[in-house]
There are 2 protein chains.
Amino acid sequence: MTQKPLIFVTNDDGITAPGIRALIEVMNELGEVIVVTPDRVHSGKGHAVTIHNPLHLDPIKIDEGPQKEFKTNGMPVDAVKLGLAHATDRKPDLLVSGLNHGVNNSINVLYSGTMGAAIEGAIEGIPSIGFSLDNYDWNADLEPAKHYMKKIARQVLEKGMPQGVALNVNIPNLPLSEIKGVKVARQAMDKWHETYDKRTNPFGRDYYWLNGNFSYEDKGKDTDVYALKNGYVSVVPVQFDLTAHRLIKDLKDLES
Amino acid sequence: MTQKPLIFVTNDDGITAPGIRALIEVMNELGEVIVVTPDRVHSGKGHAVTIHNPLHLDPIKIDEGPQKEFKTNGMPVDAVKLGLAHATDRKPDLLVSGLNHGVNNSINVLYSGTMGAAIEGAIEGIPSIGFSLDNYDWNADLEPAKHYMKKIARQVLEKGMPQGVALNVNIPNLPLSEIKGVKVARQAMDKWHETYDKRTNPFGRDYYWLNGNFSYEDKGKDTDVYALKNGYVSVVPVQFDLTAHRLIKDLKDLES
């Protein structure tokens, strides 16, 4: 008898987020599921890792599914590192992160804990996918996302994935019947314009909340932003070799 | 009269670290210096950003230099975002991050707060450099690093830098006379093998400390690791477009 594929599930919204519960439900149909995820929301933690503090890894039972679950006080990348080291004896066949409550397209991939975890999976040599929904509401309809998470995860389990990349999958906030399909795209080169909101606390001390507008500067039609706006699920292959290879030659002057 | 170049200085080891004090000292020779940096050590925070908590930005005076200094309770990327928004009226001509106490070559660039800050500078369109020393000791000899930080920063101020990248500069732990020069290199594709150290706390609960061995798997002679091992300062151009462009075509099957 063939062993079922082992699927490692994590996220950055914490173990009780509706997004990860939906992802677990779908992955239970495709394989044996192990869940290791932060015990709380860790939005914006990118590829951060805990070095100077001790981490916990506690078994937990949230619902009646067959999955094994653990929570940790660490961040998303910690959940992957610690989970692979101490929550499973065999290497997963697939790592999935999400479903994030909020879009992670364009430059947001850098700040995203959902994608930090997926990239960490890729570094470990595991085919890895981050899933995000273009809706921040925890009461959003997750059914269309479930359809596409299952479809893409099954394709990756069957056909494998190139080494050195994770997939960044963003799902539009549309009913299933209005989603036009999947587009493989590049990361749009947009940016945030930060406008910190300055306030004064009850003790007279100033403080700042991060705020800002997202500026759509990349007008390309081959981007993840364009695909999403036009009703497609966007898939970007994201690499962890950050070298701008084309510039190595141009910068040789620095050697003099 | 020409205005002096404005140099924004930050780090991930906190405002009192010897590494940033050395960097400030050298930058004071090249321009007008503004320092905005975390109030404590934030190693391993990568590109993490604070979303759900308020941030402070407090003027502080550490030494007698001419620089203006601020500390924040945020992480390195927060220091850049908040500093650019509220600590200066003009756009810096250069952003420098470091000098980090510890090497940030190879895959470590992903976890590095030093480089997270530099990459954030590059996203903001500022020529940006992260400097790290291959020595974790706060009592290390910083003189050789000072020489190369000044040399490279001056070159970038004079000649500019391509858009879309930050420089990841690592300095070997050698006397100045033994450093052979500068090599522009690619990020080595090595990895960490994590071995979390499992212990039990005084209350009987298990906890884990991140530990591990760095595995030199990339045998290339054009890497940052190779350059450093052979006595060179390594410079890698690091980009924030994470798209693996060459794979977009290969993944078109996912659209079916």
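Let me start with L23 of chain A, which, leaving out residues up to four places away in sequence, touches V9(A), V96(A), G98(A), L99(A), F131(A) and M149(A). I should say at once that what we are looking at is a predicted model, so please take each contact I mention in that spirit. L23(A) belongs to helix α1 of chain A, and it counts as buried because 29 other C-beta atoms lie within 10 Å of its own, where 20 or more are required. One of the residues found across from it in space is S97(A), which is 74 residues away along the chain, although the two C-alpha atoms are separated by 8.3 Å.

If we widen the view to the helix as a whole, α1(A) covers residues 18-27 and is mostly covered, with seven of its 10 residues buried. Those buried residues are G19(A), I20(A), A22(A), L23(A), I24(A), V26(A) and M27(A). What do the buried residues of α1(A) pack against? They pack against the strands β1, β2, β5 (94-101) and β6 (128-133), and also against helix α4 (143-159), all of chain A.

That brings me to the sheet. In chain A it is an open sheet of nine strands with mixed pairing, and the order reads β3-β4-β2-β1-β5-β6-β7-β13-β8. The edges are formed by β3 (57-59) and β8 (181-184), each of which has a single partner strand, so one side of each is left without a neighbour in the sheet. Neighbouring strands are turned against each other by 25° on average, with direction ignored. A second helix to point out here is α2 of chain A, residues 76-86, which lies across β1 (6-10), β2 (32-38), β3 and β4 (68-72) and runs at about 135° to β2(A).

At the β8 edge, the partner of β8(A) is β13(A), residues 232-239; the two run parallel and are joined by four bridges. Within this pair, K183(A) stands opposite S234(A) of β13(A). S234(A) comes up again when we turn to L228(A), since L228(A), leaving aside neighbours within four places in sequence, is in contact with N105(A), D134(A), N170(A), P172(A) and S234(A). L228(A) sits in helix α5, residues 224-229 of chain A, and it is buried, with 23 other C-beta atoms within 10 Å. Its C-alpha atom is 9.9 Å from that of K180(A), while the two residues are 48 apart in sequence.

Finally, the interface between the two chains, where 61 residues of chain A are in contact with 61 residues of chain B. On the chain A side, α2, α4, β8, β9 (191-194), β11 (206-209) and β13 each supply at least two residues. Which element gives the largest share of that side? It is β13(A), with five residues. Sorted by class, the side of chain A that touches chain B holds 35 nonpolar, 14 polar and 12 charged residues.

How, then, are the chains related? Chain A can be laid on chain B by a turn of 180° with a shift of 0.0 Å along the axis, giving an RMSD of 0.0 Å, and that is the relation of a two-fold axis. In keeping with the topic, 100% of the interface residues of chain A are also interface residues in chain B, so the copies meet through the same surface.

Key. Residues are numbered from 1 along each chain as its sequence is written. Chains are lettered from A and ligands numbered from 1 in the order in which they are written. This is a predicted model: local features need pLDDT of at least 70, side-chain atom pairs count only at pLDDT 80 or more; totals for chains, interfaces and linings use all residues. Two strands pair if DSSP finds at least two bridges between them. Axes are lines fitted to C-alpha atoms, for helices over the stretch in contact, and angles run from 0 to 180 degrees between N-to-C directions. Two residues are in contact if their C-beta atoms, placed from the backbone, lie within 7 Å. A residue is buried if 20 or more other C-beta atoms lie within 10 Å of its own, exposed if 12 or fewer, and partly exposed in between; C-beta atoms are placed from the backbone. Ala, Val, Leu, Ile, Met, Phe, Trp, Tyr, Cys and Pro count as nonpolar, Asp, Glu, Lys and Arg as charged, and the others, Gly among them, as polar. Copies are superposed by least squares on the C-alpha atoms of residues with pLDDT of at least 70 in both.
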